[in-house]
Amino acid sequence: MPSLDHSKLSIREMNEDESEMVLEMLKDGFRDTENRLILHIITRPLALLCMAVVSSALRFLINSFIAALLVPVLLAVIGLKLLLWRSQDLRRLYSYYSAAGRKIWVVFYDEDDLCGCIAMDPKDDGETVELKRMSVSRWYRRSGIGTFLLKFFENSARRMGFRRVILYTSVVTKAAIALYTNNGYSVSGGVSWLGYTVVEKYTKELKI
Ligand SMILES: CC(C)(COP(=O)(O)OP(=O)(O)OC[C@H]1O[C@@H](n2cnc3c(N)ncnc32)[C@H](O)[C@@H]1OP(=O)(O)O)[C@@H](O)C(=O)NCCC(=O)NCCS
């Protein structure tokens, strides 16, 4: 999208009746990276080896070579899709982010055009807050809304007394990684699968 009039952006906490719309936007954003993440996982050498072993075993039961080859791949893809959508906040977006100090904000362009969202999940230490569910509607991407949301989030966290922001993102979400690293976030850990990092943890200390 070309230039956007940022004075027409407004941000507020999400209402209950907006959850379906926001969930659709999150799903749409997630779909972009979901398939790339699954491809990344199942093409790791150890995953390929596991599928080859299952495929060889299936050859004793199934007559077709193609079917024995495809079944483990399909099962891996279905299993990963189910796993990736397991997050409890996605199942009950409004109630999850209305409790325990959590929040979810929505940003509108020109008052009524939903163009992005971002959520906050405070941690038990009282100093750390997790940034979650950042998404920008695909029609509005690359016009500064992601940066706008990030700044808004950091300012809100600072005002609430938090000292650091953490977030988790998959290694294939290139746009998000560029956004975070350009804004002072650095890798501080990650989640591995079969010895390969699939999700990275980013941290930023907030200057008070
Ligand atoms: C990640 C996301 C929120 C960025 O939102 P955005 O409004 O497009 O971001 P901005 O316009 O503020 O871009 C800021 C910077 O991010 C980086 N960036 C954004 N999109 C990019 C892309 N497609 N490729 C590479 N870098 C990108 C650039 O560094 C950009 O700065 P520049 O335009 O000056 O080069 C958006 O792409 C999105 O919703 N993606 C799908 C959901 C998702 O991945 N969420 C993050 C989960 S952790």
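Is Ser-170 buried or exposed, and how many other C-beta atoms lie within 10 Å? Ser-170 is buried, because 21 other C-beta atoms lie within 10 Å (a residue is buried if 20 or more other C-beta atoms lie within 10 Å of its own, exposed if 12 or fewer, and partly exposed in between, with C-beta atoms placed from the backbone). Before we look closer, please note that this is a predicted model, in which local features need pLDDT of at least 70 and side-chain atom pairs count only at pLDDT 80 or more, while totals for chains, interfaces and linings use all residues. Residues are numbered from 1 along each chain as its sequence is written.

**Figure 1. The whole protein has 7 helices and 7 strands.** Helices (H or I, at least four residues) and strands (E, at least two) are DSSP runs, numbered from the N terminus. Follow the sequence and you will meet the pattern β-α-α-α-α-α-β-β-β-α-β-α-β-β. Along the principal axes, the C-alpha atoms fill a box of roughly 65 × 35 × 35 Å. Of the 208 residues in the protein, 22% are buried. Among contacts with a separation of 6 or more, 58% join residues 24 or more positions apart (two residues are in contact if their C-beta atoms, placed from the backbone, lie within 7 Å).

**Figure 2. Ser-170 sits in strand β5.** This strand covers residues 164–170. Leaving aside neighbours within four places in sequence, the contacts of Ser-170 are Thr-33, Leu-37, Val-198 and Val-199. Gly-190 is 20 residues from Ser-170 along the chain, and the C-alpha atoms of the two are separated by 9.1 Å.

**Figure 3. The shell around the ligand holds 21 residues.** A residue is near a molecule or strand if its C-beta atom, placed from the backbone, lies within 6 Å of it. Coming nearest to the ligand are Gly-29, Gly-146, Thr-147, Ala-175 and Leu-179. Two or more residues of the shell come from each of α1 (19–42), β4 (128–136), α6 (145–159) and α7 (174–182). The largest share, 6 residues, belongs to α7. By class, the shell has 7 nonpolar, 10 polar and 4 charged residues. Here Ala, Val, Leu, Ile, Met, Phe, Trp, Tyr, Cys and Pro count as nonpolar, Asp, Glu, Lys and Arg as charged, and the others, Gly among them, as polar.

**Figure 4. Helix α2 crosses helix α3 at roughly 135°.** Two packed helices are described by the angle between their axes and the distance between the axes. Axes are lines fitted to C-alpha atoms, for helices over the stretch in contact, and angles run from 0 to 180 degrees between N-to-C directions. The axes of α2 (residues 45–58) and α3 (residues 65–84) come within 8 Å. The two helices are therefore oblique to each other (angles under 35 degrees count as roughly parallel, over 145 as roughly antiparallel, 65 to 115 as roughly perpendicular and the rest as oblique). Their crossing is right-handed (a crossing is left-handed if the near helix is turned anticlockwise from the far one by less than a right angle, and right-handed if clockwise). On the α2 side you will find Met-51, Val-54, Ser-55 and Leu-58, which meet Ala-68, Leu-69, Val-71, Pro-72, Val-73 and Ala-76 in α3. This contact has 9 nonpolar, 1 polar and no charged residues.

**Figure 5. Helix α1 also packs on α3, at an angle of about 130°.** Here the axes are 10 Å apart. That angle makes α1 oblique to α3. The crossing of α1 and α3 is right-handed. Glu-34, Ile-38, Ile-41 and Ile-42 in α1 meet Val-73, Ala-76, Val-77, Leu-80 and Leu-84 in α3. By class, this contact divides into 8 nonpolar, no polar and 1 charged residue.

**Figure 6. Asp-110 and Arg-133 each have a positive phi.** Most residues other than glycine have a negative phi. Asp-110, which is not a glycine, has a phi of about 55°. Asp-110 lies in the loop between β2 (103–109) and β3 (113–122), and counts as exposed because 10 C-beta neighbours lie inside 10 Å. Arg-133, also not a glycine, has a phi of about 50°. Arg-133 lies in strand β4, and is buried, with 23 other C-beta atoms within 10 Å.

**Figure 7. Glu-154 is found in helix α6.** With 19 C-beta neighbours inside 10 Å, Glu-154 counts as partly exposed. Leaving aside neighbours within four places in sequence, Glu-154 is in contact with Val-165 and Leu-206.
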